[in-house]
Amino acid sequence: MKNILVTGGAGFIGSNLVKFFVKNYPNYRIINIDNLSYAGNLSNLKEIDNYQNYKFIKEDICNFSEIKKIFVNEKVDSVIHLAAESHVDRSISDPLIFAKTNVLGTLSLLQASKAYWNSNNYGKLFYHVSTDEVYGSLGSEGAFTEKTAYDPHSPYSASKASSDHFVRAFYDTYKLPIVISNCSNNYGPNQHSEKLIPLIINNVINKISIPIYGDGKNIRDWLFIKDHVSAIDLIFHNSEIGKTYNIGGNNEISNNEISKILIQKIDKKLGRSSGESLKLIEYVEDRLGHDKRYAIDNSKIKKELGWKPKYRFEQGIEETIDWYLNKLSLF
Ligand code: NAD
């Protein structure tokens, strides 16, 4: 039995990952630590409530003395660290909590891992889940590789960049066995309604205005949640210690295109006339420091670990819309 501590397991990516690990690896005990901030929701995990190999602990990752106790009590072998403040807009209005959770919280987990594993690192792993936003913004050409210099622009990406640096520092200084992945924007079931895709879906369904920043031409490289989970699974099991992988699905789409695709699909599913909801789009003042374009060069994870995204955007987004419609009993 391997004891894996997952942090932030009540959030969007964490809940999808925890469910996958609990169901697919009965020989692992998954201990989910989450402080149930506004972004955490235990109903995301209802279907595994009764699994014997799953345990939830409500705790703040910054609470170092309690985190140390959890490592001892649960005999933690590996960590998959996802807990974070994750919304760029919130980081612009309140950067302090981002530094606290994303930087100090990560440091608290690193220290606890180092203390508990001591020098007996055999079979241990600290997996840090991070973002492509640490690389900054691209012009119209090129893509982020694992060698792209860090150049974060928002308080969110600055806090994630800082946490990545601390994770690498623990590898360089103490030989803590770590691995990091930097992933592009995810979408799919369980995502908080403040994020772009759920926000558009909710607003189209409820016929309320859809705010789009600036000219709507900002581009992100969208990845369906199941493809992110499969990449984390591969990296967790097969990566060499100390490595970094970029994860992205080669789905570069602008905010304008996203809103049009969603409107067209949802209008059709709800029996509305084609494009009826286009009038809901409202261009609003741009986000401060808004990065223009992100794109991922995913050749390293493909070549070294054989990972391949399975979902084209059109497929993943169908599944996502249906999930929301089902949840609202509109389907
Ligand atoms: P989320 O906001 O949906 O979930 C974060 C979870 O962390 C929540 O359940 C929240 O309650 C918990 N949490 C927050 N502060 C905590 C604390 N102090 N102690 C314990 N738990 C705490 O975020 P997400 O979108 O699922 O992202 C998860 C991770 O993946 C983050 O580290 C994020 O930076 C990274 N990431 C996200 C994306 C994306 O597109 N969503 C892309 C790349 C990387």
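This section describes the overall architecture of a predicted model, its ligand site and several individual residues.

The protein chain is built from ten helices and 13 strands. Its radius of gyration is 20 Å, close to the 20 Å that the globule rule gives for 331 residues, so the chain is as compact as a globular protein of that length. Along the principal axes, the C-alpha trace spans about 65 × 45 × 40 Å. Burial was assessed over the whole chain, and 54% of the 331 residues count as buried. Among contacts with a separation of 6 or more, 82% are accounted for by residues 24 or more positions apart. The accessible surface of the protein chain amounts to about 14500 Å², and carbon and sulfur atoms contribute 51% of this area.

The ligand is surrounded by 28 residues, of which Ile-13, Asp-34, Ser-86, Tyr-156 and Lys-160 come nearest. By class, this shell comprises twelve nonpolar, twelve polar and four charged residues. Helix 1 (12-24), strand 5 (125-131) and helix 5 (155-174) each supply at least two residues of the shell. Strand 5 gives the most, with three residues. Polar contacts to the ligand involve both backbone and side-chain atoms of the protein. On the backbone side, an N or O atom of Phe-12 lies 3.0 Å from an oxygen atom of the ligand, and a polar backbone atom of Ile-13 is 2.8 Å from an oxygen atom of the ligand. A side-chain contact is provided by Asp-60, in which an N or O atom is 2.9 Å from a nitrogen atom of the ligand. On its own the ligand has 840 Å² of accessible area, and the protein covers 96% of it.

Ala-99 is placed in helix 4 (residues 95-117). With a relative accessible area of 35%, Ala-99 falls between the limits of 20% and 50% and is therefore classed as partly exposed. When neighbours within four places in sequence are left aside, Ala-99 is in contact with Leu-104 and Ser-159. The C-alpha atom of Ala-99 is separated by 20 Å from that of Phe-12, a residue 87 positions away along the chain.

Ser-184 occupies the loop between strand 6 (178-183) and strand 7 (186-187). The relative accessible area of Ser-184 is 4%, under the 20% limit, so this residue counts as buried. The side chain of Ser-184 reaches the backbone oxygen of Asp-221 at 2.7 Å. Asp-221 is also one of the contacts of Ser-184 beyond four places in sequence. The other residues in this set are Asp-132, Leu-223, Ile-247, Gly-248, Gly-249 and Ile-296.

Helix 6 (residues 196-206) is mostly covered, as eight of its eleven residues are buried. The buried positions are Ile-197, Pro-198, Ile-200, Ile-201, Asn-202, Asn-203, Val-204 and Ile-205. In an α-helix there are 3.6 residues a turn, so residues three or four places apart point the same way. The cover over the buried residues of helix 6 includes strand 7, strand 8 (210-213), helix 8 (255-269) and helix 10 (313-327).

Just after helix 6, Lys-207 adopts a positive phi of about 55 degrees, a value found here in a residue other than glycine. Lys-207 belongs to the loop between helix 6 and strand 8. The relative accessible area of Lys-207 is 51%, over the 50% limit, so the residue is exposed. Asn-250 likewise has a positive phi of about 55 degrees although it is not a glycine. Asn-250 lies in the loop between strand 11 (244-247) and strand 12 (252-254). At a relative accessible area of 38%, Asn-250 is partly exposed.

How values were computed: Residues numbered from 1 in each chain as written. Predicted model: local features only at pLDDT ≥ 70, side-chain atom pairs only at ≥ 80, totals over all residues. Heavy atoms only, no water. Near = heavy atom within 4 Å. Polar contact = N/O pair within 3.5 Å; in protein donor to acceptor, adjacent residues only side chain to side chain. Areas by Shrake-Rupley, 256 points an atom, 1.4 Å probe, with all protein chains shown as cover. Helix = DSSP H or I, 4+ residues; strand = E, 2+ residues; numbered from the N terminus. Nonpolar A, V, L, I, M, F, W, Y, C, P; charged D, E, K, R; others polar. Rg over C-alpha atoms; globule rule 2.2 N^0.38 Å. Buried < 20%, exposed > 50% of the residue type's maximum accessible area, 1.4 Å probe, protein only. Contact = heavy atoms within 4.5 Å.
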